[in-house]
Amino acid sequence: MAEKKQFKAESQRLLDLMINSIYTHKEIFLRELISNASDASDKLYYKALTENLNGISREDLSIQIVINKDHRMLSIIDQGIGMNADELEEHLGTIANSGSFEFKQALEKGQDDVDIIGQFGVGFYSAFMVAHKVEVISKKYGEDQAYIWESDTSDGYTINETDYPNHGTRINLYLKDNTDDENYDQYLDEYEIQRLVKKYSDYVHYPIKMDMTTSKKKEDSDEYEQVIENKTLNSMVPLWKRPKKEITEEDYNEFYKDKFNDFSDPLCVMHNSVEGTISYDSLLFIPSKPPMNYYSQDYEKGLQLYSRGVFIMDKASELVPEHFRFVKGLVDSQDLSLNISREMLQHDRQLKIIADKIEKRIQSELEKMLKNDREKYEEFFKNFGLQLKFGIYNSYGMLKDKLQDLLLYYSANEKKMMTFNEYVENMKDGQKEIYFASGESYEKIDHLPTVEMVKDKGFDILYMIDNVDEFCIQMLRDYKEKPFKNINQGDLDIDSEEEKKELEKVSEDNKDLISTLKDALKDKVQDVKVSSRLKTHPVCLVSSEGVSFEMEKVLNQMPD
Ligand code: ADP
Ligand code: MG
């Protein structure tokens with residue numbers, strides 16, 4: 001017997017946490033295990049197609065569920081790719097570090113009512129929510145030796161050689177005993193299992209089968225008899241292939257959460273079937289919140305790629321442009337060759353055509369949302385607006401035409417978010433520039449002396465509080481031929497002729513004071529002027545054209 005191994009320290013803690021502190025939705029364990037079985041079948045089927053393996057047809061790749069009431073055992077069996085000893089060790093002995101990190105973060109935020117399991121790719125471990133002992137018997141396709149991984153959660157796992165007739169994996173769950181608040185027996189009930197499969201795994205494109213007892217009328221008699229039938233529980237048609245009018249919002253939401261490991265419903269769903277020189281179905285989602293790792297290095301953009309319903313690749317990054325990298329989803333096309341590799345993908349012309357159409361689709365969806373559902377759009381913008389600004393900046397303004405109308409900025413007068421177009425339409429007669437001011441927060445900007453004065457004259461000002469804002473504005477330069485103007489920078493031409501004359505006079509009258517100030521401040525300032533920018537404040541600092549104070553701050557923060 002092989003030595004008993006300890007879960008890595010962190011995994012141990014994580015397991016304890018998970019099993020003991022999350023009581024909601026225990027039932028999702030079944031979805032997780034079926035998803036794994038489906039993934040494993042996909043992997044084998046894909047291998048068979050690309051390597052021309054004989055003897056594997058899609059029809060053989062079913063998933064079986066077996067209920068054994070005597071042993072209080074529930075089994076999930078697949079004929080997929082299987083795992084050898086090393087893989088059992090690697091995949092089931094460690095929980096991804098980043099996963100556990102995010103898991104803990106989520107717990108700290110008090111999100112204890114969510115399906116945390118599904119989020120972090122630790123799906124397998126959800127089995128321990130319902131089972132006191134788990135066995136994984138597996139034989140890797142193409143190898144002769146089968147192995148059994150066993151664990152009763154509390155003190156690690158063992159891996160031993162075993163006999164198993166065919167390739168694939170069998171997971172045996174020994175269900176916990178019922179407690180006062182928890183009924184584990186329900187997972188031994190055929191109808192409950194059927195319900196869970198329908199609810200969570202209906203679109204899995206392999207048949208999920210189970211022996212079910214049904215009453216059948218005997219032939220030539222009025223009597224009924226109990227017969228056992230191996231029934232397929234799921235409809236198998238992938239969600240994106242089903243007629244749109246039959247799909248409910250709930251279907252989309254469940255699908256999204258399951259597939260893309262989110263615990264919130266998506267903000268927006270885009271489902272399209274495109275026919276043409278290249279035909280494809282796409283199902284795209286905008287999350288309601290950025291994923292936890294969104295702003296970190298390990299966030300990977302991309303869409304899942306399917307060819308005729310067969311999964312090819314998880315994150316085909318070519319399919320979404322950088323400025324829409326928050327979009328999740330999948331594309332299924334019958335016109336792609338099955339054995340495309342990652343390298344070939346980059347050069348695939350057809351893929352490029354799909355990518356262009358997808359970009360347009362997202363673009364128009366956002367425009368539509370902005371126009372028809374402002375509240376939702378503002379919610380979107382709060383979460384992902386930064387990405388659009390970076391899009392403009394990183395493209396050196398090439399994306400100006402596409403993205404400028406999707407930006408929102410806070411309006412000083414209206415006290416709400418506003419598009420450039422709305423600003424321009426509300427401009428005062430004779431106003432030639434779009435005024436903006438930047439700072440750390442709306443409140444701080446509100447108190448800037450110049451802001452006070454410009455507002456007082458009845459002009460509106462857009463407030464900018466993101467680091468990237470001024471860099472983005474620099475790339476945009478103007479909107480509908482109205483240049484952007486930082487009101488704290490350079491000359492501000494908003495005075496009437498009379499006011500200008502008045503200012504000249506005041507300057508003239510105070511010549512001595514100004515030259516005294518200039519002498520005193522010497523190299524610290526470029527110039528000292530009498531200003532019309534002030535209302536209640538005695539002085540203000542203004543930067544000359546070029547790099548503004550706010551930009552200087554950002555630049556100083558950047559690593560060399
Ligand atoms: P995820 O599915 O998100 O990768 P899981 O915890 O559900 O995380 O599974 C961990 C890994 O274990 C999988 O990525 C896969 O490599 C392996 N695995 C789990 N179940 C099976 C199975 N039935 N057949 C083959 N491999 C499996
Ligand atoms: Mg999984």
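## Helix 6, helix 2 and the eight-stranded sheet

Helix 6 (residues 190-201) lies across strand 1 and strand 7, and its direction makes an angle of about 130 degrees with strand 7. This arrangement is taken from a predicted model. A further helix, helix 2 (residues 28-50), lies across strand 1, strand 2, strand 6 and strand 7 (208-217). Helix 2 runs at about 20 degrees to strand 2.

The strands named above belong to an open sheet of eight strands, whose order is 5-4-3-6-2-1-7-8 and whose pairing is mixed. Strand 5 (157-162) and strand 8 (224-232) are the edge strands, each pairing on one side only. From one strand to the next, the twist averages 25 degrees.

Within this sheet, strand 2 (residues 73-78) can be described through its pairings with strand 1 (residues 63-68) and strand 6 (residues 168-175). Strand 1 and strand 2 run antiparallel and are joined by six bridges. The two form a hairpin with four residues between them, and Arg72 in the turn has a positive phi of about 50 degrees. Strand 2 and strand 6 likewise run antiparallel, with six bridges joining them.

Individual residue pairs across these strands are listed below.

| Residue in strand 2 | Opposite residue | Strand of the opposite residue |
|---|---|---|
| Ile77 | Gln64 | strand 1 (residues 63-68) |
| Ile77 | Arg170 | strand 6 (residues 168-175) |
| Leu74 | Leu173 | strand 6 (residues 168-175) |

Ile77 thus appears in two of the pairs, standing opposite Gln64 and opposite Arg170. The faces of strand 2 are distinguished by their covering: Leu74, Ile76 and Asp78 make up the covered face, whereas Met73, Ser75 and Ile77 make up the uncovered one. Accordingly, Leu74, the bridge partner of Leu173, is on the covered face, while Ile77, which stands opposite Arg170 in strand 6, is on the uncovered face.

Elsewhere in the chain, helix 7 (residues 249-259) contains the buried residues Phe255, Tyr256 and Lys257. Just after helix 7, Asn261 adopts a positive phi of about 50 degrees. A positive phi of about 50 degrees is also found at Arg72, in the turn of the hairpin formed by strand 1 and strand 2.

For the protein as a whole, the secondary structure comprises 18 helices and 19 strands. Of its 560 residues, 32% are buried. Among contacts between residues at least 6 apart in sequence, 68% join residues at least 24 apart.

Definitions and conventions. Residues are numbered from 1 along each chain as its sequence is written. Chains are lettered from A and ligands numbered from 1 in the order in which they are written. This is a predicted model: local features need pLDDT of at least 70, side-chain atom pairs count only at pLDDT 80 or more; totals for chains, interfaces and linings use all residues. A residue is buried if 20 or more other C-beta atoms lie within 10 Å of its own, exposed if 12 or fewer, and partly exposed in between; C-beta atoms are placed from the backbone. Two strands pair if DSSP finds at least two bridges between them. Two residues are in contact if their C-beta atoms, placed from the backbone, lie within 7 Å. Axes are lines fitted to C-alpha atoms, for helices over the stretch in contact, and angles run from 0 to 180 degrees between N-to-C directions.
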